[in-house]
Amino acid sequence: MSVSARLAALGITLPPVAVPAAAYVPFVRTGNLVFLSGHIAKKDGKPWVGQLGLTMGTEEGQAAARAVAVDLLGTLQAAVGDLDRVRRI
């Protein structure tokens, strides 16, 4: 099963690459390596802030971590064109 089919089965739609909020690029590709940077969790399009155990519980922390992972996958897809080309993370 392809990565895109697995994501679709899980109901995950990858977002487009976010516009950088500062002087950085969201990814750099050199040869077969891709470096990602500058990603934060977003909730309803706004930064998802808090501190686990202080201002947010475990479930909310897991949701924030998932949001960052989905955003990273969207950027990785933009960098390589097809997530099936990724061999190792």
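## Exercises on a predicted chain

Strand S1 (residues 27–30) and strand S2 run antiparallel and are joined by four bridges. Before we start, note that this is a predicted model, in which local features need pLDDT of at least 70, side-chain atom pairs count only at pLDDT 80 or more, and totals for chains, interfaces and linings use all residues. Residues are numbered from 1 along each chain as its sequence is written, and side-chain values use heavy atoms, with hydrogens and water left out.

**Exercise 1. The hairpin**

Task: find the bridge partners in S2 of Phe27 and Arg29, then look at the turn between the strands.

Solution. Start with the terms: strands (E, at least two residues) and helices (H or I, at least four) are DSSP runs, numbered from the N terminus. Two strands pair if DSSP finds at least two bridges between them. Now step along S1: Phe27 is bridged to Leu36 in S2, and Arg29 has Val34 as its partner there. Finally, go to the turn: the hairpin has two residues between its strands, and Gly31 takes a positive phi near 60 degrees.

**Exercise 2. The whole chain**

Task: describe the order of the elements and the overall extent of the chain.

Solution. First count the elements: there are two helices and four strands. Read from the N terminus on, they run α-β-β-β-β-α. Next, take the extent: the C-alpha trace spans about 40 × 35 × 20 Å along its principal axes. Then turn to the surface, which comes to about 6,600 Å² of accessible area, 57% of it belonging to carbon and sulfur atoms. These areas come from the Shrake-Rupley method with a 1.4 Å probe, and for residues only the protein chains shown count as cover. Of the 89 residues, 20% count as buried; buried means under 20% relative accessible area, exposed over 50%, and partly exposed in between (1.4 Å probe, protein chains only). Last, consider contacts, meaning heavy atoms within 4.5 Å: among those between residues at least 6 apart in sequence, 53% join residues at least 24 apart.

**Exercise 3. Two residues of helix H2**

Task: is Thr75 buried or exposed, and what does it contact? Then do the matching work for Leu73.

Solution. Thr75 lies in helix H2. Thr75 counts as buried because its relative accessibility is 1%. Leaving aside neighbours within four places in sequence, Thr75 is in contact with Val17, Pro26, Phe27, Leu36 and His39. Phe27 and Leu36 are the bridge partners from the hairpin. Leu73 also lies in helix H2, but is partly exposed, with a relative accessible area of 27%. With neighbours within four places again set aside, Leu73 touches Leu7, Leu14 and Leu83. Leu73 and Thr13 are 60 residues apart in sequence, while their C-alpha atoms are 9.9 Å apart in space.

**Exercise 4. A positive phi**

Task: where is Asp44 placed, and what is its phi?

Solution. Asp44 is in the loop between strand S3 (42–43) and strand S4 (46–47). Its phi is near 55 degrees, a positive value in a residue other than glycine. Most residues other than glycine have a negative phi. Asp44 counts as exposed, at 75% relative accessibility.

**Exercise 5. The pockets**

Task: which residues lie nearest the centre of the largest pocket, and which are closest to the centre of the second largest?

Solution. Begin with the definition: on a 1 Å grid over the protein atoms alone, a pocket is an open set of points where a 1.4 Å probe fits, with protein on both sides within 12 Å along at least five of seven lines, and lining residues have an atom within 4 Å of a point. A volume is the space filled by probe spheres set on the points, which are joined across faces, edges and corners.

The largest pocket has a volume of about 420 Å³. Its lining has 16 residues, with Asn32, Val34, Leu76, Val86 and Arg88 nearest the centre. Strand S2 (33–36) and helix H2 (58–80) are the elements that give two or more residues to this lining. Arg88 sits in the segment after H2 and is exposed, at 77% relative accessible area.

The second largest pocket has a volume of about 170 Å³. It is lined by 13 residues, and Ala18, Val19, Tyr24, Gly38 and Lys42 are closest to its centre.
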